[in-house]
Amino acid sequence: MRMFILDSFFPVVKHHPRTTVFIALLMLMLCIAPAMGEKVTPNTDLTLNESELKLSTDLLSLTNSSIFQTGTSQTGLVSDLQIKPASQSVKQRGFNAGVQATSAIVSVYVTLDQQTPLSTVDPFAWEISNRDESSKTVVAWVEVSRLLELASVPGVRQVRPVLPPVVNTGSVMAEGDRIHLADQVRATYGLTGAGVRIGIISGGVDHWNTAAATGDLPTNLHVLRNEQGGDEGTALLEIVHDIAPDAELYFCDHGNNTLDFADGIDALADAGCTVICDDISWITDPFFEDGALAAHIQSLTSTRNILYFSSAGNSAQRHYQGRYLKDGATNWNDFSGGTGQADKSLYVSIPPGGYLRTVLEWDDPWTSSTNDYDLYLLTRGGEYLLAGSTVVQNGDDAPLELISVMNTGSSTVETEIDVLNKNGAAADRTLEIFVYPGGGTRISGDNIVGADSVFGHAAAPNVVAVGAISASDPGVDTIEYFSSLGPATIRYPGTVQRSKPDITGIDGVSITGSGGFPSPLYGTSASAPDVAAVTALVWSGARTRTASEVRTALLTSSDDLGSAGPDTTFGYGRANAVAFTQALGIAPAITAGFYAFGHVGQAPYSVRFLDQSTGSPTAWHWDFGDGTTSDEQNPTHIYNRTGAYNVALTASNDQRSDTAIQYRCIIVNTVPAANFTANATAGKAPFTVQFTDQSTGANGYQWQFGDGQTSTEQNPVHTYTQPGAYTVTLVVSRADYGSVFAQKPGYITVTDPPIVGFSTNVSAGLAPLAVQFTESVNGSVQYYYWQFGDGATSFEQNPVHVYDTAGKYTVSLYAIGSKGTQVKTVEDCINVTAPVIPPVTPKPTEQYLPAANFTVAFPGGPGSMGILVTDTSVNATSVRYDLGDGTTTAYRTFRYTYWQAGTYTIKQTATGPAGSTSTTRSVTVPAV
């Protein structure tokens, strides 16, 4: 035996003082061993008061741990509930705002009598999430410790937990675009979805910006609510955008409950969405009548110009429907329909970690069932009872039972699902079961019934329920094995079998997988937005048509599959965007075009024009550019004056129009021709090019050299200062004609920035040491700047420098080009040693001439216009400088700024007692 954990039960509503109800929670072993081959009979009774009977079994288990049987876990029982611990629950508003909860809080639906106001729930609610007057339902967070108190209030009919919905995905440019011929509609009819707003309701869009960054979603997606997380919605929106790229997209998540879901639909409708699509099933919606959500959508689509699409569901292989059939002498249902086979149940294999939800309903009125059926999960063969749901239906209850279990053991458990007619007292009813497996749980095909597996709001008359065909199906004409089948049987208020699904779309389609969402996307979750997008695409070409007209055209134009006409497998068939467009009478897009028999001639010049427009135009209007027009389809026109003429054709019908213009289509008189050459087309910057005009018949010239510079000379010389490939254009003109041009793309190529190097004639010697520096730069250079390591600098290309002082000197050469500055530095490049001079004792009266000397530096770095002059003369009592621009000074060391670029000779005169000497330095100041 393996332990199973029951995740959740669904509600039981009773208005009687004392009622006995059997609750099978987790019987791990049978108290009384059954006879071989017999199915265990539940035998645990609990007596509950009226308040307890208003709580669903899983909520009751939270309030009263005594109902647990040996070996069960209260923690395990609530794994499906939306519950928050007291430590994380502080009331935000209303009664006792700011107070922390004394017990855990749980999200619940509270249903009231018609006469009871919704505000009755407020004093007991920790927080009100939503409320709906039409269904007398309040969604609220309630402290577990107050559940029984709430249930005891007169007018409260039932309290049941809020459970998440089922999203109809499988394992998850979209292939449906091609299969539905939507690509042809865009190409032939010019439709893009522009002007239509599409709303998607699904899981989250957490990473929609990732898809938008790759162009798979528009950047202006409108997100109205995104609280549920994930990227199911992102996937659906990508499918829509592929097919209707210019439709305006809106998104709202499915919310926490059916009231949130209905509010989301209203929000999308109020935002102007005329196409709304979801891929959601609320598993406890009524099977045999329209619930509050279905009625809400039906009302919305009946009063507003909206088309609503929903996935038909993925339940064909996890569904059963059949009339109750007593199995021999027992009250168990025979799921085999009396065929005599041994396997008479539904069979499920649950691996470790696998889980299972099972929902049972039967065809009694939703709020007043008088027939009591119970739902059980047993080990295969019926030996042990694992879980059960045994609500007592006695006239004011829903015909609903639900169990949810998880295998917490280490081995796979083989189970069977069974339905018991309580005490054999229930009338024979049609039973319907949906099984929702997860975590690797597998459902046997024994006794599975695929028919009638469309339910909930997807079964509403105005909702377009969409089935699925795989994009990889060779003929694209085989329904997916899981796609829910029709009809949808409705018993109340009257019996009717609705033809469902309505239409079929494509699944197994490619998406980007933003946020880690799997691709391809399978299930009716993919096919529903597929068909919704086709509808928006086509509707954008017929905006005056009503939703009802568009729906009829969509369905009746589908490619009929299966049996002739609408059926319960494919509905009307596979959506066909081209036939759909034609059914609405949308004319193909017109593309105007024409051909002129002749282009150049002398006046009077006769030209015949041929219409080549596509898209079935019925009217034509020509403008020949000389002030005359024609409405013929294929006119002939005579040009009497010289000139160059633009010709325009507007082709139209009662829906579409388009205009084609051919510039300088007709040229009358001599035609100038443009051409040119260059003396060189490649070199290093600065690169000077001589251009030569070789045009004929022109007297005006406009050159565009590709670097932003122009010239009106006939044969200009142009210098390119930056590396690159340049397109050269010559426009030639004549006053009585106009202009023509010649263009040569990438005609001039200028090489990259320089590579710097240099050499010296000597590297060592005695001071004073004169060194010849020679640059070896490969590339375009505007300026050279040398730093000799002794404070001296030069802007010469190949300077000679004298080192006066012993030492090792590091030399740098900066090559300054249009693309930046490159530098070459050689450490200890020059080694200067001092000469050995014998000592000389001067005579007391002997005087020496001064030695003039100074250095010049650029404190601002290469390219600056300011210099620093430093006196290094010997035996001078005073110095005087001539700065080469008319300025003189007697300062020994000073800063000076030249105001114009150029090369200047600075002269220093040093004066002492024995006389004067002078020396000069040349400096080059660049333009800034």
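## A guided tour, starting at Phe 309

Start by selecting Phe 309: beyond its neighbours within four places in sequence, Phe 309 is in contact (heavy atoms within 4.5 Å) with Val 275, Ile 276, Cys 277, Asp 278, Val 464, Val 466, Val 531, Ala 532, Thr 535 and Leu 554. Before going on, note that this is a predicted model, in which local features need pLDDT of at least 70 and side-chain atom pairs count only at pLDDT 80 or more, while totals for chains, interfaces and linings use all residues. Residues are numbered from 1 along each chain as its sequence is written, and side-chain values use heavy atoms, with hydrogens and water left out.

**The core**

Keep Phe 309 on screen and add Leu 521. These two touch the most other members of the largest nonpolar core, which has 64 residues. Such a core is a set of buried Ala, Val, Leu, Ile, Met, Phe, Trp, Tyr and Cys residues joined through side-chain atoms within 4.5 Å. Buried means under 20% relative accessible area, exposed over 50%, and partly exposed in between, with a 1.4 Å probe and protein chains only. Now colour helix 11 (residues 524-539), which gives this core its largest share, ten residues. Helices (H or I, at least four residues) and strands (E, at least two) are DSSP runs numbered from the N terminus.

**Two loop residues**

Next, pick Asn 314 in the loop between strand 15 (307-311) and strand 16 (319-323). Asn 314 is buried, with a relative accessible area of 6%. Draw a C-alpha to C-alpha distance from Asn 314 to Gly 467: the two are 8.6 Å apart in space and 153 residues apart in sequence.

Then move to His 254, in the loop between strand 12 (248-253) and helix 9. His 254 counts as buried because its relative accessibility is 8%. Its C-alpha lies 8.5 Å from that of Gly 204, with the two positions 50 residues apart in sequence. Show the surroundings of His 254 as sticks: neighbours within four places aside, its contacts include Pro 165, Ile 201, Arg 225, Asp 260, Phe 261 and Trp 282.

**The largest pocket**

Turn on a pocket display and look for the largest pocket, with about 970 Å³ of space. On a 1 Å grid over the protein atoms alone, a pocket is an open set of points where a 1.4 Å probe fits, with protein on both sides within 12 Å along at least five of seven lines, and lining residues have an atom within 4 Å of a point. Its volume is the space filled by probe spheres set on the points, which are joined across faces, edges and corners. To centre the view, select Ser 135, Thr 137, Gly 291, Ala 292 and Trp 366, the closest to the pocket centre of its 46 lining residues. Elements giving two or more residues to the lining include strand 5 (105-112), strand 8 (156-161) and helix 10 (292-303). Helix 9 provides the largest share, five residues.

**Two open sheets**

Select strands 29, 31 and 34, an open antiparallel sheet in the order 29-31-34. Two strands pair if DSSP finds at least two bridges between them. Strand 29 (594-597) and strand 34 (636-639) are the edges, each pairing on one side only. Strand 31 (residues 605-611) pairs with strand 34 over four bridges in the antiparallel sense; zoom in on Tyr 605, which stands opposite Tyr 639.

Now select the open antiparallel sheet of three strands with the order 37-39-42. Its edge strands are strand 37 (676-678) and strand 42 (717-720). Four antiparallel bridges link strand 39 (residues 687-693) to strand 42, and Gln 690 has Val 717 as its bridge partner.

**Strand 47 and its partners**

Finish at strand 47 (residues 769-775). Which residues form its covered face? They are Leu 769, Val 771, Phe 773 and Glu 775, while Ala 770, Gln 772 and Thr 774 make up the uncovered one. Strand 45 (residues 758-760) runs antiparallel to strand 47 and is joined to it by three bridges, with Ser 759 opposite Thr 774. Strand 50 (residues 800-803) is also antiparallel to strand 47, through four bridges, and here Gln 772 is the partner of Val 800. Along strand 50, His 801 and Tyr 803 point to one face and are buried, whereas Val 800 and Val 802 point to the other and are not.
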